[in-house]
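Student: I have a model open and want to learn how to read it. Where do we begin?

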Amino acid sequence: MMPIYILRRLGYAVLILLGVSFITYLLLYMIPADPARQLAGRSATAETVANIRAQLGLDLPFYQQYFHYLMNLIQGDLGRSYIQRTEVSALISSRLGPTMELMAWGIGFELLIGVSLGMLAAIKRNTAIDRFLMALSFVGVSSPHFIASMLFLYLFAVNLDWFPLGGYGEFEHVLLPALTLGLLGSGWYSRMVRSSMIEVLEQDFIRTARSKGLTRLRVLFRHVLPNAIVPVIPMIGIDIGIFIGGLVVVESVFGWPGLGQLAWQAIQRVDIPVIVGVTMISAVAIVIANLIADLLVPLVDPRIELDKS
Amino acid sequence: MKTTLTRNLLATAIASVILPVTAFAADPKPGGDIIVTYQNDVATLDPAIGYDWQNWSMIKSLFDGLMDYKPGTTELALDLAESYELSDDGKTYTFKLREGVKFHNGREMKASDVKYSLERTANPKTQSPGAGFFSPILGYDAVSAGDTTELEGVTVVDDYTVAIELSAPNATFLHVMGLNFASIVPKEAVEEHGADFGKNPVGTGAYELGEWALGRHLVFEKNEDYYKEGVPYIDTITFEVGQEPMVALQRLERGDVDIAGDGIPPAKFLQFKNNPAYEGLMVVGDQLHTGYLTLNVTIPPLDNLKVRQAINMAINKDRIVRIINGRATPANQPLPPAMPGYDEGYEGYPFDPEKAKALLREAGYEDGFTTELFVMNTDPQPRIAQAMQQDLSNIGITAEIRSLAQANVIEAGGVQDQAPMVWSGGMAWIADFPDPANFWGPILGCEGAVPGGWNWAWYCNEELDEMGDTADAMVAEHQRDDRAELWGSVFIEAMADAPWVPIFNEQRFTVRSERMAGDESLYVDPVHVPVNYDYIWVK
Amino acid sequence: MSFPTVIRNLCRHKSVAVSLVLIVTVISVAVLAPWVAPHDPNMQYFDGLTMEGAPLPPNDEFLLGTDLLGRDLLSRLIYGAQTSLIIGIVANGIAILIGTLVGVSAGFIRGWTGTILMRLTDLMMAFPALLLAIALAAILQPSIWIVALVIAMVNWVQVARVIYSETIAISSREFIAVERTLGASTLRILFSHLLPHLLPTIMVWATLGISTTVLLEATLSFLGVGVQPPTPSWGNIIFESQTYFTSAFWLVLFPGLAIILLALSFNLVGDALRDELDPSLKGRG
């Protein structure tokens, strides 16, 4: 059953990516800016521009251009940047590491902060602490990344000198941008954990466990948390698209050499092969994250086991 | 008459290249490692392709061409050429090359490399944005059309002599040989790396590329075999990219960074200028730049001369300069003051809204009209456009702002009926070389007034084009001043037709850390923009 | 439950009451902008800048200070509320409309149409929303309506998903099946049973969505692809002065606070509304 399910999901993922590549290519084809002119520069004659256009295949009809792109894509060739003249795959792979690092820490903080605050709020439900934490979670999700990034950078790095002023390398560099992403994104998780935990707390088996005389903490961590955390997993899959949007802004402000920064530079200069490449990579990440989340949920859901017992 | 090189100008130029330090307070000290920051990735270090002001001087430090400029000035100087001769008909330049100059790969640079390098740039397959500069060379058209890959006019006479024949005498040709696009590259290295030569540059320059971590940093190492004695001074230059300019400045204040490559962001400018702690860290220089507003002469009602003159009188340039915190001086003509041919006596159109309204009335637009103003969407350009918008509304013209990414504005400007007005800021004409001809053809001449061209005013005055051609044929040394004057009058006569509103000439500001030394002009070098890395040093 | 009851119940929470007051204030200020704004928002005052061209901090004449062109920041914020709210309401309205249409058709009709529609939303979900919005904005050359449209194009997907699962849940309930056996037409079921049951969800999303929309508008403007100058929006006021936050704090602080407070208010009200209207969530907390 499972292997067939996975295969079907994989085939479906490929179809989705095909769709993403088509729409992205179509959108960028429609942007009113001529790459050949950009390459040719301001002293070029009309012939030079036409020549370059032909070399890049930009004089072909849309469907042929897309077909060529697709054929190259299948062979792992994402084309060359119009601005940097480097292979897009090289540009992406050089920035993939830093982005993964920031994402791992960012999502890590998001979960850590979200889950612990959510738990705390659920335990202290209907108290001032609960209300304060929930208000706080809303402030997080209501703050645009660019305002928070600028504020944190100015406050914690410039004024207080607790963190380095952007850059990449040591652990201290990843801390502030990752915390920014984590703090802003944690709101949804803490709300979700809170409500699912309250739900679990009211279920029979928890009451049973308690009546058996298990300690409060033990019940909390052995029985309540594993159950309450299940809905968080698909949430990560859904969240990742929004998270990538935040990365574009946070990486640009903190000077983090990742894909978000690459995307932003490429967008400003209408560097189409790079934009398509980054969009494809992001789509792959989103699709894979959702796939993993979907596969993981039945595996980790402890309720299934508990029901059996 | 044969012009030989023992001309005074060039002789002094060479002398100063070898001994550039005499003017400095202290003797330059070799050694040291510095950090330079930039916000954007370094696009490419291929000299045939790199064309932005971030990689311009980096390429100049990695590569050499036949000609260069005296450090910190706009004076032409010899570089890889030891001397040159110009034939009597003014069409053939014969360059004698320096012997014993070695590429970073150890091989000696020869005349065949010069021929290869020029042909490589001219070849449309290279997709060089500078190919068009080589159009004066005999046989360029055939190469450009793809019929051949060899430039008919370039001949290797012997290992150290190369002759370049032009299709007509051209006074700007030596400047063209000083462009990055005419840098000498070794064929074997280009062929080895193919399209990735820009990431693996091999030249004869003062520095060679050490390490390049894409998107993070690159390291220039001192070329120990550099043919110029004593330079460069600095051992390694690390360029860190992806650094927000504000953050870069903060780091510079802390001493983590030596040069903030993107300069002072407008937001920090007044703080920097008015804080005595920073005195001496900021270097100010002129650049060969004019910021202008194009008035598309083919789109009604801007096709009416009176309307264009009215717009010229409506815009308050002093206020615009104030808005950008005085980082520029108001302009009244296309040429910047540092350019030969600049007419100091010309007064331009005065700021006079009443007169402007009267002109609009005469033109039949008493009630004004609505038009569009295209502008690039990075600060401070949209602000400048809004200032103009308010000035225009004072005389009854409603200008709707189209604030777009750079590529979209360039695209709109190159379509004849698309953009009535374009503010050039952010895409502005910074001269490729210090000669007035460079300010004409593509941006005001008929050759640029074509679809996809850069003459966004679509101004085409054949008479003035001919005057320019006449001026460019004046190649003899004694004609130099006459030529500049003739060019100057071309621009002043163009202003009578008011295809532009020249707004200001922007100054350049570089910030360096306390330990950096070397003449200030090196930090705002008009040719090696933004900084001449070969001659600066560490205290 | 009648509307006044809902409002009364909502106001039991102090934070929600404050949020409602804030939202009503912002809406009134936006509507009454020509009367409440102390200055013309686009007037570049000569004495609104220092001689060096620096903006003025808050003072008697310009209560919240001036911007980089010497315009009154307070007036720009007031008119900017108009822009941000128009975009928030229009974009969110379109998103809800498309999302509901797609969600209901997919969930109710099912079959091939339903499958195709839901696959389409899956496809949209795989796009990084911000990149998609930036690309669309680059093609369409933004005006206030285009920005609204772009945001709607990105935001409808979430709504469609939620409405889809709600629709499926509701139509599998017994009373619908009973109606069907009684011979009620599809349209009747749709309008007299399905939609009324979906209404709470739609209202909750309509409220929460405005917050997302206001934030996305601000981010697009921050990246330079938003509303065209000189029209003020809270996002582009910050965009124009983003780098000045160390030298002219008021240029980023006030619009930043405005954005956060408005988004926060809509989120709080939307959340309370969900507790109030969504029976499945009732009783929690």
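Tutor: Begin with what counts as an element. Helices are DSSP runs of at least four residues, strands are runs of at least two, and both are numbered from the N terminus. Keep in mind that this is a predicted model.

Student: How many helices and strands are there in chain A?

Tutor: Chain A has 14 helices and zero strands. Read from the N terminus, its elements are therefore α-α-α-α-α-α-α-α-α-α-α-α-α-α.

Student: What are the dimensions of chain A along the principal axes?

Tutor: Its C-alpha atoms fill a box of roughly 85 × 60 × 30 Å. Of the 309 residues in chain A, 48% are buried. Contacts add to the picture. Take those in chain A between residues at least 6 apart in sequence: 73% of them join residues at least 24 apart.

Student: And what does the secondary structure of chain C come to?

Tutor: Chain C has 11 helices and zero strands. Its C-alpha trace spans about 80 × 45 × 30 Å along the principal axes. Chain C has 285 residues, and 52% are buried. Among its contacts between residues at least 6 apart in sequence, 69% join residues at least 24 apart.

Student: Let me try a single helix. What should the helix α6 of chain A span, and what is the distance between its ends?

Tutor: Use the rise per residue. Helix α6 of chain A covers residues 128–141, which is 14 residues. At 1.5 Å a residue, the helix should span 20 Å, and its end C-alpha atoms are 20 Å apart, so the two agree.

Student: Which residues of α6(A) are buried?

Tutor: Burial is judged by counting neighbours. In α6(A), the buried residues are A:Leu133, A:Met134, A:Ser137, A:Phe138, A:Gly140 and A:Val141. Look down the helix axis: these buried residues fall within an arc of 155°, so they line one face of α6(A). The face turned away from that buried side carries the exposed residues A:Ala128 and A:Phe132.

Student: What do the buried residues of α6(A) pack against?

Tutor: They pack against α5 (88–123) and α8 (171–201) of chain A, together with α11 (250–277) of chain C.

Student: How do I read a nonpolar core?

Tutor: Here is the general idea. In soluble globular proteins, nonpolar side chains tend to be buried together. In this model, the largest nonpolar core has 335 residues. Those with the most contacts inside this core are A:Ala263, B:Leu295, C:Ala133, C:Ile134 and C:Ile151. Helix α11(C) gives the most to this core, with 15 residues.

Student: Which residues does A:Ala263 touch?

Tutor: Leave out residues up to four places away in sequence. A:Ala263 then touches A:Val248, A:Ile275, A:Val278 and C:Leu131.

Student: Now the interfaces. How many residues do chain A and chain C bring to their contact?

Tutor: Chain A brings 36 residues and chain C brings 32 residues. Several helices of chain A each supply at least two residues of that side, including α1 (2–30), α6, α7 (145–159) and α13 (272–300). The chain A side divides into 25 nonpolar, nine polar and two charged residues.

Student: And how many residues of chain A are in contact with chain B?

Tutor: 41 residues of chain A are in contact with 42 residues of chain B. On the chain A side, α3(A) gives the largest share, seven residues. This side of chain A divides into 18 nonpolar, 15 polar and eight charged residues.

Student: How do I use the confidence values?

Tutor: Where pLDDT is low, the predicted coordinates should not be read in detail. Chain B averages a pLDDT of 90, and 95% of its residues score at least 70. Among the elements of chain B, helix α1 (residues 8–18) has the lowest mean pLDDT, 39, and strand β7 (residues 161–165) the highest, 97. Over residues 1–24 of chain B the pLDDT is below 50. Beyond near neighbours in sequence, that stretch has 33 contacts in the model.

Student: One last residue. Is B:Lys357 buried or exposed?

Tutor: B:Lys357 falls in between. Buried needs 20 or more other C-beta atoms within 10 Å. B:Lys357 has 19, so it is partly exposed. B:Lys357 sits in helix α11 (residues 353–363) of chain B. Leaving out residues up to four places away in sequence, B:Lys357 touches B:Ile395 and B:Gly396. The C-alpha atoms of B:Lys357 and B:Ile395 are separated by 5.5 Å, although the two residues are 38 residues apart along the chain.

Conventions: Residues numbered from 1 in each chain as written. Chains lettered and ligands numbered in written order. Expected span 1.5 Å × (residues − 1). Buried ≥ 20, exposed ≤ 12 C-beta atoms within 10 Å, placed from the backbone. Arc of directions from axis to C-beta. Contact = placed C-beta atoms within 7 Å. pLDDT = per-residue confidence, 0-100. Core = buried A, V, L, I, M, F, W, Y, C linked by C-beta atoms within 7 Å. Nonpolar A, V, L, I, M, F, W, Y, C, P; charged D, E, K, R; others polar.
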